[in-house]
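Visitor: I am new here and would like to be shown around. Could you explain how each label is earned as we go?
Guide: Gladly; let us look together.

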Amino acid sequence: MAQPENATSAAQSGPYDWIGSSVPKVDALDKALGITQYVGDMQMPGMLHARIRWSGVPHAIIRGIDTSEAVKVPGVRAVLTAGDIPGINRYGLAVQDQRVLADDKVRTAADPVALVAADTEQAAEEAITKIKLDLEPLRPILSIEDALDPTAPSIHESGNLFTRTTVRKGDLDQGVKESDVIVEETYRTHLMDHMAMETESSLAYMDPTGVLTIITSTQYPYRDRRQIAPALNLSMNKVRVVQAPIGGGFGRKDDITSEIHAGLLALKTQRPVRLVYTRRDSLIANTKRHPMLMKFRTGARSDGRLTFVDADIYGDTGAYLSLGAFVIKKAGIHACGPYDVPNIRVDTHTLYTNNLSSGAMRGFGVLQAAVAHESQMDQLAHRLGISPIDIRLINTLKPGLATGTGQVMDEGCGIEATVLRIKEYMESHDLRFTRS
Amino acid sequence: MTKKRGLGVGSMFYGIGYGFNRADIGSAYIEMADDGTTTVYSGACDMGQGIMTVVAQVAAEVVGANIDTIRVVAADTTSTPDAGPTSGSRATFVQGIAVHEAASDLHDQLMQTAAGMFECEKDELEAHNGDVYLKDANSPIASLAEVAARVHLLGGRCASWGWHDNSTADVDPATSQGDAYASYGWASQLAEVEVDTETGHVKVLKIVSATDAGKAINPVAVEGQIQGGAAMGVGYALYEQHILDEGVPRTDSLAFYLVPTSMDVPEIQCEIVEVYDPKGPFGAKGIAEPATVPTTPAILNAIYDAIGIRITDTPATPERVFQAIQEARARGEFKD
Amino acid sequence: MEHYSLKINGHVYETGAEPFESLLDVLREKLRLTGSKKGCDEGECGSCTVLLDGKPVLSCILMVSDVRDREVLTVEGLPQGGEPHPIQVEMTERGGIQCGYCTPGIIMSAYALLQENPRPSEDEIRFAIAGNICRCTGYSKIVEALQAAAGTPIR
Ligand code: FES
Ligand code: FES
């Protein structure tokens, strides 16, 4: 097996035949040759093309949807709205707050309202523009501050604060008392897109034995099946989900994206249906990275030892939860960073808004938390006149020490080794901080 | 001088897998045909990060086969068992063990039959790269293909499956105290930036990423995760942003939503650290998310080191950085 | 619907198409040459890159009527005698490929570069693929693979 001579020096094969060896990826050559078939590359005889009509406004009551002009577009085979769903018009990863197609209300500007399947993509595209929506606008909730306002209208029945989690350790007052320096700061992070180069896509068809088969760009076919079957009123063993080669996921394809829509159209038309999101569809719809508002207070003694972390984290999950409550809870669990912190108070708040919804994305809340805890570490270092490297080394978790949740570390705890590696790199390359 | 340079560090830990009492399983079937070729039916999706390759490496290692004789079948509810999602940096960590288990059992079956063929104990045998050896001997006594053919001829079992549960109990609801995750990933990064104080433009000159892989099963793939993760972190720190206008997305084209190109991503130096994790396959840990988390804070800290101004809101766009510089100038706190 | 004969990868393909259809759609949907990918369909991502008379172009913003009588080269046309092109080999072996969706476009941009400039510097390589977005790799291993394919030293 060919091995690039510059593969790496970090890990040699050692006693192993294959572990630690940089064999080329098993699927890479086909990708280089252009023969790998992603969903959008597939065709089937009689296949229809699908398009989605999005709501376009963030919060409104649906008074009516007029599809009469859309069905007249030549080549159109089906125009579907919520009433055409044979099963339960609800799904979601943690709670079932998403509609396959919007029914009572529109909760984001990217709610799917209607579906079209047609002989060509052009016909489907033309048809969705001819669907007329009669919407009665509602006051939209567009910020974390808005969502916290108890007088604001509720996006779901549950109210806009979906959940709150708390981390408590030690004695916060004691930590404050022992501090020689305290840094207080508010951080805000923004909405980010996964931007996998392959957009969300599914190809659905009835197989000869009557099983609805959905070939899709997904990170988890079994959970897709769990959500597809009830919406389409099929038993789960009559739904087959096949993971196609995926052109990037980064968390987005953890959720249902195109699967139920393609399946519904295939069921209704009894024809294969390919639904490939346009880049615009992908940019506006489905989950993003959570914007967070993070208020942090962190203390340290003059020797650099952390004394406490006191923080509130507010996450905007948009109109649908997806995995939002877990993302924001995970941010709270990781709010103290890879350090030994004796006294902790962290509250997290998962909030619904009418913004685009957020869910799993590479980093899963820990990235936002790290923006805050690492900026705090740096501020402490500067205030104390300790180098940013040293303040980390003073506080890193080590075997026998415990995380913010009291989990005692074993020999697998590697944080100190990574900081030391950076320190060595700086020394050997004569790199120095400007300000410390 | 309108260009100022600075260095910044970011560190992080990341709970691998799901925690919170969420199902966190891996599973795979494995089967060896009469000619010694092996198929692994692995329910873990490969989005390009390489879990199919890791599965092939683990299976080849444990069975003792040549990797070119391993075929991995991708996730399909009809042919592969449920292996949970590929997310939470858990695929190698969880599915690696499930495949290890399946492959060990298959290996055992093969060695049992080989022991019968050569009238020895199965513990006296081992397999490497498609051949069976007496332990410590230099030349093989049979090929795995011959042994597999024999198992099939005798009607023996030449297949197995493996399952691994990485689920952990939820933390305490009031205090969040408890063992939140089975394991953690660890990483630190150094970023070097240059800030143009006339435009607010930040250029990342270099990133050094020290990521603890536990054991790098495929070092080039690990480096690929580190470099791709850092590039995504550069985008998050500096440019990428969805802009909503009264809830309506305005960044609905790649012309408006900017992602880093080959000209924006600097050299990314990979420092693979290996602190063995007793719970991972061959000591390996998850790295996909740890590779991306430290980049943004490292860049924000480097901006501070360069200009003495802390950017607390992301992304650090030229407008935001320039405005912060102007405000500092107005307060007399900025030295050009 | 009009009739087109298109010269692609050294073969002549006959197809019917509307004049405003993009070359990319015709390649992918009519001729089933799906190696060229559609990442945006608006000329922003580079995943649809093909060569037109030896120059890299974005096939999603070219109308099929614009390529009559011209030579198109797609990723499917690179292997010679059944052997992958060295760029394809190096991309595979050096980790230049993760999800692979950007890969054909990057390979075509790189091929065009090496035709013009067989020993490019790292900066020239980075510039040549600047119109090809890759979300997975951070570009480092792609650059290494292209340096290897060109036989220039790797950093
Ligand atoms: S598909 Fe042509 S540039 Fe993106
Ligand atoms: S390898 Fe996934 S976009 Fe480049």
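Visitor: How many helices and strands are there in chain A?
Guide: Chain A has 11 helices and 15 strands. Please keep in mind that this is a predicted model. The C-alpha atoms of chain A fill a box of roughly 75 × 65 × 40 Å along the principal axes, and of its 436 residues, 65% count as buried.

Visitor: What makes helix α6 of chain A largely enclosed?
Guide: Helix α6(A) covers residues 259-269, and 10 of its 11 residues are buried, so the rest of the structure largely encloses this helix. Among the buried ones are I260(A), H261(A), L264(A) and L267(A). Just after α6(A) comes Q270(A), with a positive phi of about 55°.

Visitor: How do you know that E121(A) and R51(A) form a salt bridge?
Guide: The cut-off is 4 Å between a side-chain nitrogen of Lys or Arg and a carboxyl oxygen of Asp or Glu. In E121(A) and R51(A), the closest N and O atoms are 2.8 Å apart, so the pair meets the definition. E121(A) lies in helix α2 (residues 121-129) of chain A and R51(A) in strand β1 (residues 48-54) of chain A, so their contact ties together parts that are 70 residues apart in sequence.

Visitor: Why is R51(A) called buried, and why is E121(A) called partly exposed?
Guide: Buried means under 20% relative accessible area, and partly exposed runs from there up to 50%. R51(A) has 8%, so the label is buried. E121(A) has 22%, so the label is partly exposed.

Visitor: What makes D254(A) and R223(A) a salt bridge?
Guide: Their side chains meet at 3.1 Å, N to O, and the limit is 4 Å, so the pair counts. D254(A) sits in the loop between β11 (239-243) and α6 of chain A, while R223(A) is in helix α5 (residues 221-232) of chain A, 31 residues apart. Both D254(A) and R223(A) are buried.

Visitor: How do you know that D108(B) and K122(B) form a salt bridge?
Guide: The distance from N to O is 3.5 Å, which is within 4 Å, so this pair counts too. D108(B) belongs to helix α2 (residues 91-118) of chain B, and K122(B) to the loop between α2 and β5 (125-128) of chain B, 14 residues apart. With 34% relative accessibility, D108(B) is partly exposed, and K122(B), with 25%, is partly exposed as well. Elsewhere, salt bridges with shared partners join R164(A), R168(A), R297(A), D310(A), D312(A), R345(A) and D347(A) into one network. Over all chains the structure holds 67 salt bridges.

Visitor: Why is the pair of F13(B) and W186(B) called stacked?
Guide: Over all chains there are 11 aromatic pairs. For F13(B) and W186(B), the ring centres are 5.9 Å apart and the planes are at 25°. Centres must lie within 6.5 Å to pair, and planes under 30 degrees apart count as stacked, so both conditions are met. F13(B) lies in strand β1 (residues 3-16) of chain B and W186(B) in strand β9 (residues 183-196) of chain B, so the pair ties together parts 173 residues apart in sequence. F13(B) has 2% relative accessibility, so this residue counts as buried; W186(B) has 1%, so the same label applies. Both belong to one aromatic cluster, together with F326(A), F20(B), Y181(B) and Y184(B).

Visitor: What makes K329(A) a charge over the ring of F20(B)?
Guide: The charged end of K329(A) is 4.3 Å from the ring centre of F20(B), and the distance limit is 6 Å. R22(B) also lies over a ring face, that of Y18(B), at 4.2 Å from the centre.

Visitor: Which residues form a nonpolar patch on the surface?
Guide: Y29(B), W161(B) and W163(B) do, with about 340 Å² of accessible area together. W163(B), in strand β8 (residues 159-165) of chain B, has a relative accessible area of 38% and is partly exposed. Patch members need over 30%, so W163(B) passes that test.

Visitor: How many disulfides are there?
Guide: The count comes to 0 over all chains.

Note on methods
Residues are numbered from 1 along each chain as its sequence is written. Chains are lettered from A and ligands numbered from 1 in the order in which they are written. This is a predicted model: local features need pLDDT of at least 70, side-chain atom pairs count only at pLDDT 80 or more; totals for chains, interfaces and linings use all residues. Side-chain values use heavy atoms; hydrogens and water are left out. Patches are made of residues with over 30% relative accessible area and no salt bridge: like charges are joined within 9 Å, nonpolar side chains (Val, Leu, Ile, Met, Phe, Trp, Tyr) within 5 Å. Accessible areas come from the Shrake-Rupley method with a 1.4 Å probe; for residues, only the protein chains shown count as cover. Helices (H or I, at least four residues) and strands (E, at least two) are DSSP runs, numbered from the N terminus. Buried means under 20% relative accessible area, exposed over 50%, partly exposed in between (1.4 Å probe, protein chains only). Rings of Phe, Tyr and Trp (its six-membered ring) pair if their centres lie within 6.5 Å; planes under 30 degrees apart count as stacked, over 60 as edge-to-face and the rest as tilted. A charge sits over a ring if NZ of Lys or CZ of Arg is within 6 Å of the ring centre and within 35 degrees of the ring normal. A disulfide is a pair of cysteine sulfur atoms within 2.5 Å.
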